[in-house]
Every structure is written in C-alpha cells, then in structure tokens.
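New to this one? Have a look at the model first, then read on for a quick tour.

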Amino acid sequence: MTKRAMKRQLREGAFDAGQFEGDAKIRRLPLERAWSPMAHNNNNEDRDQGYVKTIKAKSKGQQELMDAIDAKNLVMALGPAGTGKTYLAIAKAVEALEAGRVGRIVLSRPAVEAGESIGYLPGDAEDKLAPYLRPLYDALSDRLSMKRVRALMAEGAIEIAPVGFMRGRTLNNAFVVIDEAQNCTYGQLKMLLTRLGWHTTMVVTGDPAQSDLLPELSGLGPVAEKFDAIDNIAVVRLKDVDIVRHPLVAEMLGVL
C-alpha cells in the first residue's frame with residue numbers, strides 16, 4: 001500500500017493494522033535486553049540523584065562545612081574531588097538568595113586549562129569563557145531550572161565571572177563562591193578575598209592536590225594555613241571519607 005493510500009484511510013477511519021501483516025518484519029528489542037533502571041543502579045540502592053529542595057549533609061565533613069557557611073562570613077573548603085564542596089556552596093547560595101538574605105549570587109572561577117591547551121575559542125568574551133564556567137552552570141541548574149537561572153542572570157541576581165574580572169570590586173549584600181581556587185595564585189586569592197563587603201558570605205573551594213598550576217604558584221594551601229589562626233574565618237578540610245560521588249572515586253584517589 002502506498003503512503004498516500006494509507007494516509008487517506010487514516011483520515012477516513014478505515015485503517016486496519018492487520019492488512020499490513022507480512023509487508024515488513026516487526027523488530028522488537030528482546031525482553032532480556034530491554035532497558036531497566038535496576039540494570040543501571042550499580043546495585044547501590046542508597047544512591048538517589050533526584051532533586052531535593054532542602055539539602056542534607058551526607059558525611060560529618062559536609063555537615064561541618066554547612067554549619068561553617070551558616071556561621072561565618074568567610075569559609076574555605078578544601079578537599080578532594082567528589083566531596084560536594086562546590087555543590088554545597090552553590091546550594092547554600094541559592095538558599096540564601098531565595099530566602100532574601102542576600103541580593104545576588106556571584107560565582108567566580110579561574111580560566112585555567114586542565115593540563116592541555118584548547119587553543120583559540122571563537123565568539124565574544126562570554127562564549128570564550130563558557131567552557132571554563134560550565135561546572136558552575138551545571139550546579140546552578142541542578143538547584144534551579146535553567147529558565148529560572150537565565151531570568152536571574154538577566155536581572156543581575158546571579159553573576160558568573162572569571163577571576164580576572166573581579167579586581168576593583170566591592171561585593172556587598174551577596175553570596176560569593178570562588179571555585180577551583182587551587183588554580184589561583186597567592187596574589188589572585190588575596191585580591192579575591194579582599195572583595196568581601198558588608199552582609200556578604202564568601203566560600204572559597206578547591207583541592208590543593210589537583211592544581212593545574214606549578215606547585216609553588218598555587219596560593220590556596222598557604223592562604224588556608226594562615227587563616228587557621230583567625231577565629232572569624234572557617235577552614236574546613238574534607239577528606240576521602242566525605243566523597244559522595246561514585247564509590248570508585250574514593251578508591252581511585254586512595255591509590256593515585
């Protein structure tokens with residue numbers, strides 16, 4: 001039967017699927033090969049990646065970090081990959097913005113390539129910086145819809161900027177997150193930390209063991225050591241036991 005005839009019969013309500021038996025083979029996915037959620041949960045029933053409105057700490061270290069953010073204006077969160085440093089900081093920022101405790105969120109990240117040069121990027125400044133700032137967009141979109149994120153960015157309530165654009169600013173009534181701070185030099189961190197204004201919370205996150213700078217250039221470790229002596233600044237050091245990413249991440253970091 002031609003397509004035209006089939007469309008005519010569909011319009012007239014005279015379509016009978018039986019008349020096409022034998023025209024072509026019907027290919028179905030075998031039942032044993034069909035997709036099943038249980039086949040992809042890695043036998044880990046405790047893992048729930050669904051969105052929750054109120055985040056809860058999954059480890060003692062994460063609870064310490066959340067308590068520090070609630071209590072201090074400046075918090076430094078150091079720890080290995082997968083401990084939730086950035087996610088918790090941005091979740092707390094969104095929570096503060098939604099509750100009206102701050103007027104805006106400012107997220108900053110150094111535009112440093114992870115060990116390889118990606119060359120010239122086309123487009124304007126925003127296009128060029130997008131790959132470096134993508135992890136911040138991902139964390140934001142997990143707490144807010146992308147439509148809401150775009151609306152808040154258009155209003156100026158959420159700002160994402162590279163470290164180089166922060167000099168000379170005073171950040172009042174804001175929640176500031178400095179991510180991947182291990183890729184900042186001592187001078188850059190000093191500049192960023194002194195942007196702190198009135199009614200502002202600043203969280204600096206990073207892993208000193210995963211710097212893309214030469215070891216002597218990264219300023220995160222030295223700054224954190226100096227801040228240990230200041231009571232009004234919280235320095236939270238997360239450990240391997242605080243990793244909430246895939247269990248293999250903790251095992252890999254234990255031997256790498």
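## The chain as a whole

Of the 256 residues in the chain, 38% are buried. Keep in mind that this is a predicted model. The accessible surface adds up to about 16100 Å², and carbon and sulfur atoms account for 53% of that.

As for the layout, you'll find eight helices and six strands. Reading from the N terminus, the elements go α-α-β-α-β-α-α-β-β-α-β-α-β-α. Contacts often link parts of the chain that sit far apart in sequence: among those with a separation of 6 or more, 75% are between residues 24 or more positions apart.

## A loop residue and its contacts

Now pick out Thr 170, which sits in the loop that runs between strand E3 (158-162) and strand E4 (174-178). Is Thr 170 buried or exposed? Its relative accessibility is 54%, so Thr 170 counts as exposed, the cut-off being over 50%.

Leaving aside residues up to four places away in sequence, Thr 170 touches Arg 104, Arg 195 and Gly 197. Take Gly 197: it is 27 residues from Thr 170 along the chain, yet the C-alpha atoms of the two are 5.7 Å apart.

## A nonpolar patch on the surface

Next, head to Met 252, which is part of helix H8 (residues 247-255). With a relative accessible area of 44%, Met 252 is partly exposed, because that value falls between the 20% and 50% cut-offs.

Met 252 also has company: together with Leu 248, Val 255 and Leu 256, it makes up a nonpolar patch on the surface. The four residues have about 470 Å² of accessible area together.

Conventions: Residues are numbered from 1 along each chain as its sequence is written. This is a predicted model: local features need pLDDT of at least 70, side-chain atom pairs count only at pLDDT 80 or more; totals for chains, interfaces and linings use all residues. Side-chain values use heavy atoms; hydrogens and water are left out. Patches are made of residues with over 30% relative accessible area and no salt bridge: like charges are joined within 9 Å, nonpolar side chains (Val, Leu, Ile, Met, Phe, Trp, Tyr) within 5 Å. Accessible areas come from the Shrake-Rupley method with a 1.4 Å probe; for residues, only the protein chains shown count as cover. A salt bridge is a side-chain nitrogen of Lys or Arg within 4 Å of a carboxyl oxygen of Asp or Glu. Helices (H or I, at least four residues) and strands (E, at least two) are DSSP runs, numbered from the N terminus. Buried means under 20% relative accessible area, exposed over 50%, partly exposed in between (1.4 Å probe, protein chains only). Contact means heavy atoms within 4.5 Å.
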